[in-house]
Each structure stands twice: as C-alpha cells, then as structure tokens.
Amino acid sequence: MSNTGSCLCGAVHYEISAPITDTGACHCDMCRKWSGGVYLGVEVAADNMMISGSENVTTFTSSEWAERGFCKTCGSSIYYRITSPGAHHGSYHVSMGTLDQTDGIALKGEVFIDQKPKGYSFAEETEQLTGAELMALFAPPESP
Ligand SMILES: [Zn+2]
Ligand SMILES: [Zn+2]
C-alpha cells in the first residue's frame, strides 16, 4: 500500500512507495519556526518519494546540510531534505501532518529534546537525544 499526502491548498501532492511505521519529533528552534509547532517527520528514501506539482514547492536552505520544502501558495511545510553528500543524501523527512492517513504510525524518537519548550511533552516512551548527542552521531570522526 502506498501513502499519499498533500499541502493544504492541494497544489502539491506526493506519493510514498514504502510502508511508514514510525515518526520522529524534532524540537529544535528551526523546526519549530518552520512548522509552526512540533515538527513530526517520517523518513523516506529519495527513490520512494514522488512529488506532483513540484513547481509549486519553494525550498529554503536552512543549513549547510539540508533544505526545507513548502508550498508557495498555502505555506504548508512539506519536507526536510538532506542535501549534504553521504549515505543520507537526498533522503526526505516528510511532514507527518501532510499525510492523508496516519494510522499505524507511531512516535519513536525525539531529537533536540533540550530545545523543547517546557510547557508540553509527549506521553509516548521515546528514544530522546539532545542536539549535541544528535550532532555527534553525524559528525565526521575526529582525525588522530
Ligand atoms: Zn499548498
Ligand atoms: Zn529540527
């Protein structure tokens, strides 16, 4: 079964040709401002993501390693995409909020937990990483 989604106005549609079982939350300041709330992303390999109406997507380069795609008409935050070279190049983190159906998708992880606003928390048991812990996972190994 494939998963479909769209932005609010419908100018951008997508289809994901892989099962989705889990989502992760990012509490970083950038994701919060970009999504307007808590960002929940589902990881999708580049080959499994098909976008129609991509001419209606505007991208914002938010860091040296990623860009964020949003609908230029309605502003829906559609995806975060890795642009740096390496194993994850081109992979998407699609906004869970833009999926047409979300049954069977469970919250498994939370990153930048140290930047989460103090006034709310998820009830699910999740694997939590601080920003520093997350960056350490992706940082190149120290040269001797
Ligand atoms: Zn739209
Ligand atoms: Zn983030």
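Okay, let's start with one residue pair: F70 has S77 as its bridge partner in β8. Keep in mind that this is a predicted model.

So what's around that pair? Strand β7, residues 66-71, runs antiparallel to β8, and 5 bridges hold the pairing. The two make a hairpin with 5 residues between the strands, and in that hairpin G75 has a positive phi, near 85 degrees.

On to β8 itself, which covers residues 77-82. How many of its residues are buried? It's 6 of the 6, so the strand is largely enclosed by the rest of the structure. The cut-off behind "buried" here is 20 or more other C-beta atoms within 10 Å of a residue's own, with C-beta atoms placed from the backbone. For the protein chain as a whole, buried residues come to 27% of the 144.

β8 pairs with β9 too. That's residues 92-95, again antiparallel, with 3 bridges. Here R81 sits opposite Y92 in β9. A quick reminder for anyone who's been staring at trajectories all week: strands of a sheet pair through backbone hydrogen bonds, either parallel or antiparallel.

Now let's go to another part of the chain, an open sheet. It has 3 strands in the order β1-β2-β5, and the pairing is antiparallel. Which strands stand at the edges? Those are β1, at 3-6, and β5, at 49-52; each has a single partner strand, so one side of each is left without a neighbour in the sheet. From one strand to the next, the twist averages 20 degrees.

Within that sheet, β2 takes in residues 13-16 and is joined to β5 by 4 antiparallel bridges. If you want a spot to click on, Y14 is opposite I51 in β5.

Okay, zooming out. The protein chain has 2 helices and 11 strands. Going along the sequence, you read β-β-β-α, then β-β-β-β-β-β-β-β-α. So where does the chain end up in overall dimensions? Along the principal axes, the C-alpha trace spans about 45 × 35 × 30 Å. The radius of gyration is 15 Å, and that agrees with a compact globule of 144 residues, because such a globule would be near 15 Å.

One last number, for the contact-map people. Take the contacts in the protein chain with a separation of 6 or more: 49% of them are between residues 24 or more positions apart.

That's my tour. Back to the pair I opened with, if you want to pull it up: F70, and S77 in β8.

Terms used
Residues are numbered from 1 along each chain as its sequence is written. Chains are lettered from A and ligands numbered from 1 in the order in which they are written. This is a predicted model: local features need pLDDT of at least 70, side-chain atom pairs count only at pLDDT 80 or more; totals for chains, interfaces and linings use all residues. Two strands pair if DSSP finds at least two bridges between them. Axes are lines fitted to C-alpha atoms, for helices over the stretch in contact, and angles run from 0 to 180 degrees between N-to-C directions. The radius of gyration is taken over C-alpha atoms; the globule rule is 2.2 Å times the number of residues to the power 0.38. A residue is buried if 20 or more other C-beta atoms lie within 10 Å of its own, exposed if 12 or fewer, and partly exposed in between; C-beta atoms are placed from the backbone. Two residues are in contact if their C-beta atoms, placed from the backbone, lie within 7 Å.
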